[in-house]
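Reader: I am new to this structure and should be grateful for a close look at a single part of it. Please choose one region and describe, in a connected way, how its pieces meet one another.

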Amino acid sequence: MAITGRVWKYGDDVNTDVIFAGKYTYTIKERSEMAKVACEDLDMDFNKNAAAGDIIVGGKNWGCGSSREQAVTCLKERGISVIIAKSFARIYYRNCLNEGLPIIICPDAVDAINMGETIEVDFDRGVITAGGHEFSFPPYPDFVKGLIEDGGLIPHVKKELGLK
């Protein structure tokens with residue numbers, strides 16, 4: 001699987017409170033509604049202009065803060081195709097896999113990628129292509145590929161149990 005998309009780039013320690021504001025935690029329940037407020041406290045341009053297929057690139061510790069699952073859901077529902085970062089908060093990393101949102105740790109690529117550029121991510125080869133350069137990352141094991149292809153942990157388990 002390969003993805004090509006426009007980059008939204010951010011720095012270190014982007015926390016879940018700016019990805020999905022706490023004021024919406026108990027008031028917005030619908031996934032499609034969560035997408036409408038994605039990153040409004042981080043970047044109003046993103047909130048207004050991010051489109052399906054776009055890619056987020058972040059620094060160290062992306063998704064730190066609370067374990068708020070909506071901070072993943074809002075990006076997935078917005079159509080973000082992958083998040084590439086230098087590192088992720090552990091719970092955010094797991095929440096991404098549970099939601100079926102691809103994530104990649106690749107510090108060298110993060111340093112080379114610029115806001116607004118179009119890059120390609122080839123998951124089968126484990127390569128990010130940006131600015132004429134290639135950056136390697138470890139391809140996903142088959143189990144993780146299955147989670148992402150099936151749309152997350154719950155759809156994956158339903159499929160495995162023959163309930164879908």
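Author: Helices, of at least four residues, and strands, of at least two, are here runs assigned by DSSP and numbered from the N terminus. The model is a predicted one. The region chosen begins with a loop: serine 81 lies between helix H4 and strand E3, the latter covering residues 82-85. With a relative accessibility of 14%, serine 81 counts as buried, because buried means under 20%. Apart from neighbours within four places in sequence, serine 81 is in contact with Ile3, Gly53, Asp54, Ile55, Leu101 and Pro102.

On one side of this loop stands H4, residues 70-78, which packs against H5 at an angle of about 45 degrees, the two axes being 9 Å apart. Angles under 35 degrees count as roughly parallel and those from 65 to 115 as roughly perpendicular, and H4 and H5 are therefore oblique to each other. The crossing of H4 past H5 is right-handed. From H4, the residues that meet H5 are Ala71, Val72, Thr73, Leu75 and Lys76; from H5, Tyr92, Asn95, Cys96 and Glu99 take part.

H5 itself spans residues 90-99. Its buried residues are Tyr92, Asn95, Cys96, Leu97 and Glu99. In an α-helix there are 3.6 residues a turn, so residues three or four places apart point the same way. After H5 comes glycine 100, with a positive phi near 80 degrees.

Both helices also lead into the nonpolar interior. The largest nonpolar core holds 53 residues, and those touching the most other members are Trp62, Leu75, Ile83, Ile84, Tyr92 and Ile128. Beyond its neighbours within four places in sequence, tryptophan 62 has contacts that include Leu75, Ile83 and Tyr92. Other contacts of tryptophan 62 include Tyr10, Val14, Ile19, Leu42 and Phe88.

Ile128, listed above among the core residues, leads to a set of strands. Isoleucine 128 belongs to E6 and stands opposite valine 121. Strand E5, residues 118-122, and strand E6, residues 127-130, are antiparallel and joined by three bridges. They form a hairpin with four residues between them, and in its turn glycine 126 has a positive phi of about 70 degrees. E6 is in turn joined by four bridges to E7, residues 133-136, again antiparallel. Here threonine 129 has glutamate 134 of E7 as its bridge partner. E6 and E7 likewise form a hairpin, with two residues between them, and glycine 131 in that turn has a positive phi of about 55 degrees.

Definitions and conventions. Residues are numbered from 1 along each chain as its sequence is written. This is a predicted model: local features need pLDDT of at least 70, side-chain atom pairs count only at pLDDT 80 or more; totals for chains, interfaces and linings use all residues. Side-chain values use heavy atoms; hydrogens and water are left out. Buried means under 20% relative accessible area, exposed over 50%, partly exposed in between (1.4 Å probe, protein chains only). A nonpolar core is a set of buried Ala, Val, Leu, Ile, Met, Phe, Trp, Tyr and Cys residues joined through side-chain atoms within 4.5 Å. Contact means heavy atoms within 4.5 Å. Two strands pair if DSSP finds at least two bridges between them. Axes are lines fitted to C-alpha atoms, for helices over the stretch in contact, and angles run from 0 to 180 degrees between N-to-C directions. Angles under 35 degrees count as roughly parallel, over 145 as roughly antiparallel, 65 to 115 as roughly perpendicular and the rest as oblique. A crossing is left-handed if the near helix is turned anticlockwise from the far one by less than a right angle, and right-handed if clockwise.
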